[in-house]
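Biologist: Please examine one part of this model closely for me. I should like to understand how its elements are arranged and which residues face inward or outward.

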Amino acid sequence: MKSTSFDIPIALKQLITSNQAFTHRVVPVSKQGNTVVFKSDSDTPKLLEKKVSILLGMPLKIEKDTQVNIQSYLVANYRKASANKARLDEGTFLKQLLQTAQDFNSSDIHIETYDKRCRVRFRLDGKLKEQYTIAASDYQGLINQIKVKANLDIAQKRNPQDGRITERDGNQEFDIRVSTMPTIHGEKIVMRILKQDTEAVELSQLGFNEKELRLYLEGIKMPNGIILISGPTGSGKTTTLYGTMKLLNNEQTNIVTIEDPVEYLMEGINQMQLKEDIGLDFPSALRTFMRQDPDVIMVGEIRDKKTAEMAIRAALTGHLVLSTIHTNSAWATISRLIDMGIAPFLIASTLNTSVAQRLVRKLCNHCKKQAPITEGILPIDFKQKDAIKKHFESVGCEKCYFTGYQGRKAIYEIIPINAALKNHIKNNESQIEMYLAESNLNTLKSNAIALINTGETSIDEVYALLAN
């Protein structure tokens, strides 16, 4: 079980910023009337008490605790910014919010209001965690600040709106995509942080094993055809596409993209932002691309028959097309295209490689512990129980901020569309499990089982894949 002994209630935790907590090594732990009780490992707690009381403008008292315990409180509840990272200007809660999200390496910020309370949650490694509560009287002011920065209409509260904010973090700019949604208690805002740094986007570092990487690289070496990557929202599809374009990007190749939104800016690639309100959708962009002498075309997502038809037309006329699609497996992509109304022979003629992927959290190597495989830990319909030799559980420690996990990796299912599979597609045959087994191709499930056996992830993290 994960340790929760160093958790601090949200209302207390937000009384002090991460920077203040680490600088003074103090943490708020309880409240006695109007006085907040802090803990610190300082040798002069009374002197620190006066200093922090003036700094925070509140009555407080500081109790002495061990250095080990204070460090555990700090890492469990706050994140320290890198020493080389410049901070956003202090001053407003919004600026503090954005900086903290950067420190936490959060992908999304959720700001939401309910009948009796308002809260802020961060998405960390794919999971939402409550970080702040907001007084109801302050909530609308925060929403208006965000809408002003995103160039949205603050008077419009009944319809959803979408906007964008650009902030600077040291020498690097990052974009924040803002989405508002009316609810019965007021507007909810989700801010997605789009980091425009492609330095770390390398195919070899995303999670492919040696065989899968070889199969994928074989597909993108083709001068024409379609590479499709499937998976749910947040599974890393776009990152894989950017890693692919980074590899293909050179002075001999004309790469054009239509994206919603443009998540990374890449030198040498012609990127276009989707603007459906003026008629610039995926099909119309693809028609334009055909007159731009492209070698490689990236389409953010194949959503409908029109887009699929244009992608197939581009592939048939000698272009390499990269795109994503929402399906549960690599082979289900074919069924999805057929359901859209695409003729099987056209799919067989153009599809080079079908990929499915998921992102899974990696267990912390410092605190994970091996556990017995007990009744009920695996899905009821899981038929490969003997394939799992051992498994590890998350625990939580300083190194992983008491989450039990450190970082994520992608797992893949890659099906190269060879002559045998082209015949399966033309004949509209959906059952190819036997073929995949005979071809020794890894599936999402088999890769999940491998990660459990090596102790890289937990059964809980890949439970849904085992149940399929």
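Modeller: Let us begin with one pair of residues: valine 36 stands opposite leucine 60 in strand S3. The model is a predicted one, in which local features need pLDDT of at least 70 and side-chain atom pairs count only at pLDDT 80 or more, while totals for chains, interfaces and linings use all residues. Residues are numbered from 1 along each chain as its sequence is written, and side-chain values use heavy atoms, with hydrogens and water left out.

Strand S2 (residues 35-40) and S3 run parallel and are joined by five bridges; strands are said to pair if DSSP finds at least two bridges between them. The names come from DSSP runs, numbered from the N terminus: helices are H or I runs of at least four residues, and strands are E runs of at least two. S2 and S3 belong to an open sheet of three strands, ordered S1-S2-S3, with mixed pairing. Because strand S1 (26-32) and strand S3 (60-64) each have a single partner strand, they stand at the edges, and one side of each has no neighbour in the sheet. On average, neighbouring strands of this sheet are turned by 30° against each other, direction ignored. Such angles run from 0 to 180 degrees between the N-to-C directions of lines fitted to C-alpha atoms, for helices over the stretch in contact.

Two helices may be placed against these strands. Helix H3 (residues 45-56) packs on the sheet and touches S1, S2 and S3, its direction making about 145° with that of S3; contact here means heavy atoms within 4.5 Å. Helix H4 (residues 67-77), in turn, lies across S1 and S2 and runs at about 90° to S1.

H3 merits a closer look. From its first C-alpha to its last, this helix of twelve residues reaches 16 Å, close to the expected 16 Å, a span reckoned as 1.5 Å times one less than the number of residues. Which residues of H3 are buried? They are Leu48, Glu49, Val52 and Leu56, where buried means under 20% relative accessible area, exposed over 50% and partly exposed in between (1.4 Å probe, protein chains only). These residues lie on the same side of H3 because they cover an arc of only 110° around the axis, the arc being that of the directions from the helix axis to the C-beta atoms. Their cover includes helix H2 (18-24) as well as S1, S2 and S3. The face of H3 turned away from this buried side bears the exposed residues Lys46, Leu47, Lys50, Lys51 and Ile54. After H3 comes glycine 57, with a positive phi near 65°.

Helix H5 (residues 93-103) may be set beside this account, being mostly covered, with nine of its eleven residues buried. Among the buried residues of H5 are Leu94, Leu97, Leu98 and Ala101, together with Gln96, Gln99 and Asp103. Asparagine 105, just after H5, has a positive phi of about 60°.

A positive phi also occurs in a hairpin formed by S5 and S6, where two residues lie between the strands and aspartate 125 in the turn has a phi of about 50°. Strand S5 (residues 118-124) and strand S6 (residues 127-134) run antiparallel and are joined by seven bridges; cysteine 118 stands opposite isoleucine 134 in S6.
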